[in-house]
Amino acid sequence: MAARPGAKAEKARASIALACSICGARNYKTTKARRPGLELLTLKKFCRDCNAHTQHIESK
Ligand SMILES: [Zn+2]
């Protein structure tokens, strides 16, 4: 079981996209800690399509 360099970071953070909950546009990309049972990340962000601040939900 030889762990390669870089495998650790991959495991610790999951890269996700944030999609607008109104129109579904994926406006942002971020990372979050990978923890089982964690609720979907939601953030209030500006959506260009809606031209307003809307709730953005984690999406892959
Ligand atoms: Zn939108």
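Which residue in S2 is the bridge partner of Ala17? A few notes on this predicted model should get you there.

1. Start with the overall layout. You'll find one helix and four strands in the chain. Reading from the N terminus, the elements go α-β-β-β-β, so the helix comes ahead of the strands.

2. Now the sheet itself. The four strands make an open sheet, and its order is S2-S1-S4-S3, with antiparallel pairing. Strand S2 (26–33) and strand S3 (42–47) are the edge strands; each has a single partner strand, so one side of each has no neighbour in the sheet. From one strand to the next, the twist averages 40°.

3. Back to the opening question. Strand S1 covers residues 13–20 and is joined to S2 by seven bridges, with the two running antiparallel. Lys29 is the residue in S2 that serves as bridge partner of Ala17. If you follow the chain through the hairpin of S1 and S2, you pass five residues between the strands. Have a look at Gly24 in that hairpin: its phi is positive, near 85°.

4. Next, the pairing of S1 with S4. These strands also pair in the antiparallel sense, over four bridges. A handy pair to click on here is Leu18 and its bridge partner in S4, Glu58.

5. On to the other edge. S3 and strand S4 (residues 52–59) run antiparallel and are joined by six bridges. For a landmark, take Lys45, whose bridge partner in S4 is Thr54.

6. One residue deserves a closer look: Thr42, which lies in strand S3. Is Thr42 buried or exposed? Thr42 counts as exposed, because it has 12 C-beta neighbours inside 10 Å, and the cut-off for exposed is 12 or fewer. Thr42 still has contacts further along the chain: leaving aside residues up to four places away in sequence, Thr42 touches Gln55, His56 and Ile57. Take His56 as an example: 14 residues separate it from Thr42 in sequence, while the C-alpha to C-alpha distance is 5.4 Å.

7. Finally, two figures for the chain as a whole. How many of the 60 residues, as a percentage, count as buried? The figure is 10%. As for contacts with a separation of 6 or more, 43% of them are between residues 24 or more positions apart.

Technical notes:
Residues numbered from 1 in each chain as written. Predicted model: local features only at pLDDT ≥ 70, side-chain atom pairs only at ≥ 80, totals over all residues. Pairing = 2+ DSSP bridges. Axes fitted to C-alpha atoms, helices over the stretch in contact; angles between N-to-C directions. Buried ≥ 20, exposed ≤ 12 C-beta atoms within 10 Å, placed from the backbone. Contact = placed C-beta atoms within 7 Å.
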